[in-house]
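Biologist: I am new to this structure and would love a close look at one part of it. Could you take me through the cysteines and how they are bonded, and then show me a few other residues worth a visit?

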Amino acid sequence: SDSNLNNNSRDDATGKSRRPSTALAWYSILLLTVSTIVIMMMGKRGIRRGISVATHVINTYSGGGGGSHRDGARGGTIRGTGRGDVSTAEEDIVKSTVDEALINAAHGQRKDRVDAALNVASATSAYRSSSNEPVDDPSNLADHLGSRLHVVFSTDCGTFQHWQSYLLFYSALRVGQPGRVSRIASGCKDGEEREASEWFDAHVRPMSSRFGIHFTPHFSTVKDEKTGEEKGNYKFFNKPFGLRHWLENGDGMGVDKDTGRMKDEDVVVILIDPDMLFLRPITSDYSVDRDIVLGRLPAEDAKKGNQYRKVEKGKPFGQTYGFGNQWRKNVDISIIVGDDSPAIKAKDEFARLHYPVGPPYLAVASDMHTIAVGWTDFVPKVHQQYPNLLAEMFGYCLSAAHNELPHQRLDSLMVSAVDMNGGEGWELVDSIPDDEVCGFAAHPDHNKYAVPNVVHFCQRYGTGPYFFAKRRVPHDIFTCESPLMVPPPPDSALKYDFRVNPDGTHQSFTAVRRKREAFAACAVIHATNEAASYFKRHHCSDDANWDA
């Protein structure tokens with residue numbers, strides 16, 4: 001939809017004020033373009049259909065076609081009502097797109113607007129096709145090393161994380177993520193759990209029998225330590241408490257009452273966030289140098305064996321996060337873990353190298369449960385001293401250190417903040433040729449260019465007028481009625497060295513940042529459109545909304 005396209009009175013490519021162009025010249029160019037597109041999209045029927053479409057265009061241009069006008073962020077869109085003998089859905093896409101391109105040209109808008117409209121036509125046609133639709137393999141329960149995997153992510157029951165969950169499931173299907181994938185939904189109110197369960201059974205479970213959902217109580221209440229009275233809400237409590245609830249009560253999980261050990265100790269648990277998009281599978285193996293960017297370790301430390309490449313018992317992994325030893329310095333950890341805790345005894349350099357991690361977290365179930373128990377014990381006390389966003393992450397670090405489970409940090413599990421100079425997998429993205437980066441991000445192929453495992457789209461991204469921010473995405477985007485997002489053109493990293501923000505301002509970028517912005521925006525927008533198209537093909541009738 002136009003909700004992700006930001007424009008103002010400046011030219012998309014240059015940022016300069018637009019100048020009027022000759023409508024007749026554009027009209028002639030467009031008539032040639034019409035026939036080309038029609039032939040490309042309709043094969044042998046192109047010549048006959050081209051006549052019909054051209055007639056429709058001429059009628060619209062001359063005012064003979066009638067129609068209705070709606071104002072959008074990218075300019076007026078005029079839909080003609082006369083159809084002639086044009087009847088297929090594909091031809092409707094061509095006609096409406098040509099209508100828009102023609103009228104924009106006739107009103108003096110530049111070639112970039114025409115190109116954008118034609119790009120939308122081509123992309124929408126591809127989205128409607130099921131020829132490249134991902135197909136599940138129910139037996140895909142382990143990675144190439146034979147390690148069984150289970151990806152989990154924590155959410156509440158609101159609509160904001162509902163659409164993110166569907167996108168995450170779809171992206172796992174698209175990349176062929178091995179193992180099971182489960183949503184942990186916490187704090188559903190009356191009727192919400194039933195509604196979420198029914199929606200999951202109807203729309204997510206058909207994707208894969210390996211996908212699941214687990215419901216937990218409400219955990220986000222902040223209580224007074226002395227009185228036990230409620231005094232606030234910290235929604236991120238859901239992650240540690242939800243994880244522990246799932247480990248102890250989830251399908252296929254649980255703790256043996258006699259031994260106190262996990263019933264399935266060896267499955268590799270991968271904890272991610274709902275606003276993460278898979279670009280390639282997450283596995284237990286990080287032995288191939290091409291595939292990864294390891295968290296930096298001094299050479300002497302690496303020689304001591306503190307660098308490992310496979311997730312095993314006692315060897316958890318995590319994505320590098322840039323908060324260093326703040327988890328030790330921003331709180332009085334002796335009050336939280338006790339004076340004799342290994343978290344206190346660990347030297348600063350060792351602690352900085354092995355504990356400042358965040359999602360994706362990877363550990364065998366026995367280690368993950370040990371961390372989760374400490375995490376749920378420590379995080380309320382951390383929050384009491386440090387009532388901020390990172391409190392739950394600091395609680396994880398404290399539990400890992402307290403239980404002497406140093407993590408192998410990986411930079412390349414994730415990309416998120418485009419201005420990072422280290423600590424994320426951007427150096428993999430930076431090596432992709434500029435002229436391929438957007439088209440490649442739309443259809444990532446790790447065999448061609450190494451890519452990070454996920455995009456953590458908690459930031460805002462844009463390339464020219466094409467913009468993505470998760471809080472601007474309609475919560476009902478995965479419905480039959482919702483339109484698609486407007487996709488950036490494949491060459492956007494070359495075309496735009498800026499983005500248009502929602503307030504209309506142009507934000508200029510360096511060569512490095514323009515590529516990263518384009519990669520993230522193209523990856524998330526195209527994946528969202530693919531997921532929406534998958535939904536429409538499987539759950540909607542012929543009148544589904546395919547507009548962008």
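Modeller: Happy to! A word on naming will help: helices and strands here are DSSP runs, numbered from the N terminus, where a helix has at least four residues and a strand at least two. Please also keep in mind that this is a predicted model.

With that naming in hand, let us start at Glu 404, which sits in the loop that runs between α14 (391-402) and β12 (408-410). Most residues other than glycine have a negative phi, and most peptide bonds are trans. Glu 404 has a positive phi of about 50°, although it is not a glycine. Is Glu 404 buried or exposed? It is exposed, because its relative accessible area is 57% and the cut-off for exposed is over 50%.

The peptide bonds have a case to show too. From Pro 359 to Pro 360 the bond is cis, with omega near 0°. You can find Pro 360 in strand β11, which covers residues 357-364.

Now to the cysteines you asked about. A disulfide is a covalent bond between the sulfur atoms of two cysteines. How many disulfides does a search of the whole structure find? The search finds three. Counting the bonded cysteines along the chain, the pattern of the disulfides is 1-2, 3-5, 4-6.

Let us take them in turn. Cys 157 and Cys 188 form a disulfide, with 1.8 Å between their sulfur atoms. This pair links distant parts of the chain, 31 residues apart: Cys 157 is in the loop between β3 (149-155) and α5 (159-175), while Cys 188 is in the loop between β4 (180-186) and α6 (192-203). Cys 157 has a relative accessibility of 17%, so it counts as buried, given that buried means under 20%.

Next, a disulfide joins Cys 438 to Cys 522, with an S to S distance of 1.9 Å. Here the two ends lie in helices: Cys 438 in α16 (residues 437-442) and Cys 522 in α18 (residues 511-539), distant parts of the chain that are 84 residues apart. The link of Cys 438 and Cys 522 is left-handed, with -95° about the S-S bond. Cys 438 counts as buried at 1% relative accessibility, and Cys 522 is buried too, with a relative accessible area of 0%.

Then there is the disulfide from Cys 480 to Cys 540, with an S to S distance of 2.0 Å. Cys 480 belongs to the loop between β16 and α17, and Cys 540 to the segment after α18; the pair links distant parts of the chain, 60 residues apart. The link of Cys 480 and Cys 540 is left-handed, with -95° about the S-S bond. Cys 540 is buried, because its relative accessible area is 16%.

Two further cysteines are worth finding. Cys 397 counts as buried, at 0% relative accessibility. Cys 458, by contrast, counts as partly exposed, at 34%.

Cys 458 leads us to a last stop, Lys 470, since Cys 458 is one of the residues that Lys 470 touches. Lys 470 lies in the loop between β16 (466-468) and α17 (492-495), and Cys 480 is in the loop between β16 and α17 as well. Is Lys 470 buried or exposed? Lys 470 is buried, because its relative accessible area is 14%. Leaving aside residues up to four places away in sequence, Lys 470 touches Phe 160, Trp 163, Gln 164, Asp 275, Phe 457 and Cys 458.

Notes:
Residues numbered from 1 in each chain as written. Predicted model: local features only at pLDDT ≥ 70, side-chain atom pairs only at ≥ 80, totals over all residues. Heavy atoms only, no water. Buried < 20%, exposed > 50% of the residue type's maximum accessible area, 1.4 Å probe, protein only. Contact = heavy atoms within 4.5 Å. Disulfide = S-S within 2.5 Å.
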